[in-house]
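Grab a pencil and work through these exercises one at a time. Try each task on your own before you read its solution.

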Amino acid sequence: MTSQFKIKDPAEMAIRRQPMAGHPGAFIRNVLLPEYGLSVTEAARRIGVQRVGFIGTLDGKYSVTRDLAYKLGALMRDEVTDLLIAWQQKYDLEREAEQRAAYRRDIERVPPVAVAA
């Protein structure tokens with residue numbers, strides 16, 4: 001008997017990760033808070049941050065700081081901390097890619113000094 005769910009192609013076994021697109025604040029607002037049944041106000045109160053500043057982060061106006069990531073990880077689970085820190089770093093690098101390229105274009109590289117053995 002064959003199953004309609006039988007994997008025929010090894011590529012079907014690959015785990016596809018959800019891309020980390022956009023600012024991590026939207027993920028906090030749209031995924032994490034509902035998953036834990038928390039309102040913005042309740043989450044801000046529990047982690048000891050001002051609601052207005054927290055909303056600014058959720059709206060993408062401010063970065064998810066390490067401190068905020070640590071607090072959210074303590075509130076929810078430790079993996080949240082690592083995810084948010086990595087996501088913010090990726091977001092920052094993508095956003096600053098043009099500036100980084102401009103520096104590479106405008107600043108002449110210095111070769112390393114050969115060290116005598």
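Before the first exercises, a definition: a helix axis here is a line fitted to C-alpha atoms over the stretch in contact, and the angle between two axes runs from 0 to 180 degrees between their N-to-C directions. Keep in mind that this is a predicted model.

**Exercise 1. Getting an overview**

Task: Work out how many helices and strands there are in the chain, and what share of the residues counts as buried.

Solution:
- Step 1. Go through the elements: there are six helices and zero strands.
- Step 2. Write them in order from the N terminus, and you get α-α-α-α-α-α.
- Step 3. Now look at burial, where the cut-off is under 20% relative accessible area. Of the 117 residues of the chain, 26% count as buried.
- Step 4. Finally, take the contacts with a separation of 6 or more: 56% of them are between residues 24 or more positions apart.

**Exercise 2. Two helices that pack**

Task: Describe how helix α1 and helix α5 pack, and sort the residues of their contact into nonpolar, polar and charged.

Solution:
- Step 1. Find the two helices: α1 covers residues 24–35 and α5 covers residues 78–95.
- Step 2. Compare their axes. They are 9 Å apart and make an angle of about 145°.
- Step 3. List who meets whom. From α1 come Pro24, Phe27, Ile28 and Leu32, and from α5 come Val80, Leu83, Leu84, Trp87, Gln88 and Tyr91.
- Step 4. Sort that list: nine residues are nonpolar, one is polar and none is charged.

**Exercise 3. Checking the length of α5 and finding its buried face**

Task: Check whether the span of α5 agrees with 1.5 Å a residue, then find where its buried residues fall around the axis.

Solution:
- Step 1. Helix α5 has 18 residues, so at 1.5 Å a residue it should span 26 Å. The expected span uses one less than the number of residues.
- Step 2. The end C-alpha atoms of α5 are 26 Å apart, which agrees.
- Step 3. Pick out the buried residues of α5: Val80, Thr81, Leu84, Ile85, Trp87, Gln88 and Asp92.
- Step 4. Look down the axis of α5. These buried residues fall within an arc of 165°, so they line one face of the helix.
- Step 5. Turn to the other side of α5, and you'll find Asp78 and Asp82 exposed.
- Step 6. Ask what covers the buried residues of α5: the cover includes α1 and α4 (66–75).

**Exercise 4. Salt bridges along a helix**

Task: For Asp67 and Lys71, Lys90 and Glu94, and Asp92 and Arg95, give the distance between the closest N and O atoms and explain how each pair is placed in its helix.

Solution:
- Step 1. Start with the idea: side chains of opposite charge can pair when their charged atoms come close. The cut-off to use is within 4 Å.
- Step 2. Asp67 and Lys71 have their closest N and O atoms 3.5 Å apart. The two are four residues apart in helix α4, so about one helical turn separates them. Asp67 is partly exposed at 46% relative accessible area, and Lys71 is partly exposed at 27%.
- Step 3. For Lys90 and Glu94, the distance is 2.3 Å. Being four residues apart in helix α5, they too are separated by about one helical turn. Lys90 is partly exposed at 32%, and Glu94 is partly exposed at 46%.
- Step 4. For Asp92 and Arg95, the distance is 3.4 Å. They are three residues apart in α5, so about one helical turn lies between them.
- Step 5. Salt bridges that share partners also join Glu42, Arg45 and Arg46 into one network. A search of the whole structure finds seven salt bridges.

**Exercise 5. The buried face of α2**

Task: Find the buried residues of helix α2 and say what covers them.

Solution:
- Step 1. Within residues 40–47, the buried ones are Val40, Ala43, Ala44 and Ile47.
- Step 2. Down the axis of α2, these fall within an arc of 100°, so they line one face of the helix.
- Step 3. Their cover includes α1, α3 (51–58) and α4.
- Step 4. Step just past α2, and Gly48 takes a positive phi of about 75°.

**Exercise 6. A glycine in α1**

Task: Is Gly25 buried or exposed, and which residues does Gly25 touch?

Solution:
- Step 1. Gly25 lies in helix α1. Its relative accessible area is 0%, so Gly25 is buried.
- Step 2. Leaving out residues up to four places away in sequence, Gly25 touches Thr57, Leu58 and Val64.
- Step 3. Gly25 and Ile55 are 30 residues apart along the chain, and their C-alpha atoms are separated by 8.6 Å.

Note on methods: Residues are numbered from 1 along each chain as its sequence is written. This is a predicted model: local features need pLDDT of at least 70, side-chain atom pairs count only at pLDDT 80 or more; totals for chains, interfaces and linings use all residues. Side-chain values use heavy atoms; hydrogens and water are left out. Contact means heavy atoms within 4.5 Å. Ala, Val, Leu, Ile, Met, Phe, Trp, Tyr, Cys and Pro count as nonpolar, Asp, Glu, Lys and Arg as charged, and the others, Gly among them, as polar. Buried means under 20% relative accessible area, exposed over 50%, partly exposed in between (1.4 Å probe, protein chains only). The arc is that of the directions from the helix axis to the C-beta atoms. A salt bridge is a side-chain nitrogen of Lys or Arg within 4 Å of a carboxyl oxygen of Asp or Glu.
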